[in-house]
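This report goes through one protein model, taking its enclosed space, its sheet and its helices in turn. Please keep the sequence and the structure at hand while reading.

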Amino acid sequence: MSAWTEADGKLCRTFRFRDFNEAFAFMTRVALIAEKMNHHPEWSNVWNTVTIRLSTHDAGGTVTEKDRKLAAAIDQLLP
């Protein structure tokens with residue numbers, strides 16, 4: 001899996017899993033963290049691949065410390 005990159009004013013990362021169930025379980029765990037932080041990702045899922053893009057809408061859609069904290073929390077979910 002690749003590291004987070006910054007592109008087009010967003011912090012981005014793509015995650016790949018063994019199958020759809022693993023990808024969906026990961027998204028569920030991310031959703032619980034995002035809700036607790038009140039900072040929600042822009043994301044997409046196609047079968048075993050989850051792409052997450054983070055930016056702070058209140059800051060004009062730029063990357064802020066909120067995004068970096070959420071990215072770090074998401075990284076903690078990985079084995």
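## The enclosed space

Which residues line the largest cavity? The model is a predicted one, and in it the lining of the largest cavity is made up of Lys10, His39, His40, Pro41, Glu42, Arg53, Leu54, Ser55, His57 and Asp67. Sorted by character, the lining residues comprise two nonpolar, four polar and four charged.

The volume of this largest cavity comes to about 40 Å³, and a search of the whole structure finds one cavity of 30 Å³ or more.

## The sheet and its edges

Four strands make up an open sheet, in which the order is E1-E2-E4-E3 and the pairing is antiparallel. Strand E1 (5-7) and strand E3 (42-46) are placed at the edges with a single partner strand each, so one side of each has no neighbour in the sheet. Averaged over the sheet and with direction ignored, neighbouring strands are turned by 25° against each other.

## Strand pairs and hairpins

Beginning at the E1 edge, E1 and E2 are paired in the antiparallel sense over three bridges, and alanine 7 has lysine 10 as its bridge partner in E2. The hairpin of E1 and E2 has two residues between the strands, and aspartate 8 takes a positive phi near 55° there. Lysine 10 also belongs to the lining of the largest cavity.

E2 is joined to E4 by six bridges, with the two strands running antiparallel, and cysteine 12 has arginine 53 opposite to it in E4. Between E3 and E4 the pairing is again antiparallel and extends over five bridges, with isoleucine 52 in E4 as the bridge partner of tryptophan 43. A hairpin with two residues between its strands is formed by E3 and E4, and in its turn tryptophan 47 has a positive phi of about 50°.

## Threonine 51 within strand E4

Where in the fold does threonine 51 lie? Threonine 51 is found in strand E4, which covers residues 49-54. The side chain of threonine 51 is joined to that of threonine 14 by a polar contact of 3.3 Å. When neighbours within four places in sequence are left aside, the residues in contact with threonine 51 are Arg13, Thr14, Glu42, Trp43 and Ser44. Of these, Trp43 is the residue whose bridge partner in E4 is isoleucine 52, while Glu42 is also listed in the lining of the largest cavity.

## The helices

Which strands does helix H1 lie across? Helix H1, formed by residues 20-37, lies across strand E2 (10-16), E3 and E4, and runs at about 165° to E3. Helix H2, formed by residues 65-75, packs on the sheet and touches E1, E2 and E4, while its direction makes about 15° with that of E2. Asp67, which falls within the residue range of H2, is among the residues that line the largest cavity.

Conventions. Residues numbered from 1 in each chain as written. Predicted model: local features only at pLDDT ≥ 70, side-chain atom pairs only at ≥ 80, totals over all residues. Heavy atoms only, no water. 1 Å grid on protein atoms, 1.4 Å probe; cavity = no way out; pocket = protein on both sides within 12 Å on 5 of 7 lines; lining within 4 Å. Points joined across faces, edges and corners; volume = space filled by probe spheres on them. Nonpolar A, V, L, I, M, F, W, Y, C, P; charged D, E, K, R; others polar. Polar contact = N/O pair within 3.5 Å; in protein donor to acceptor, adjacent residues only side chain to side chain. Contact = heavy atoms within 4.5 Å. Pairing = 2+ DSSP bridges. Axes fitted to C-alpha atoms, helices over the stretch in contact; angles between N-to-C directions.
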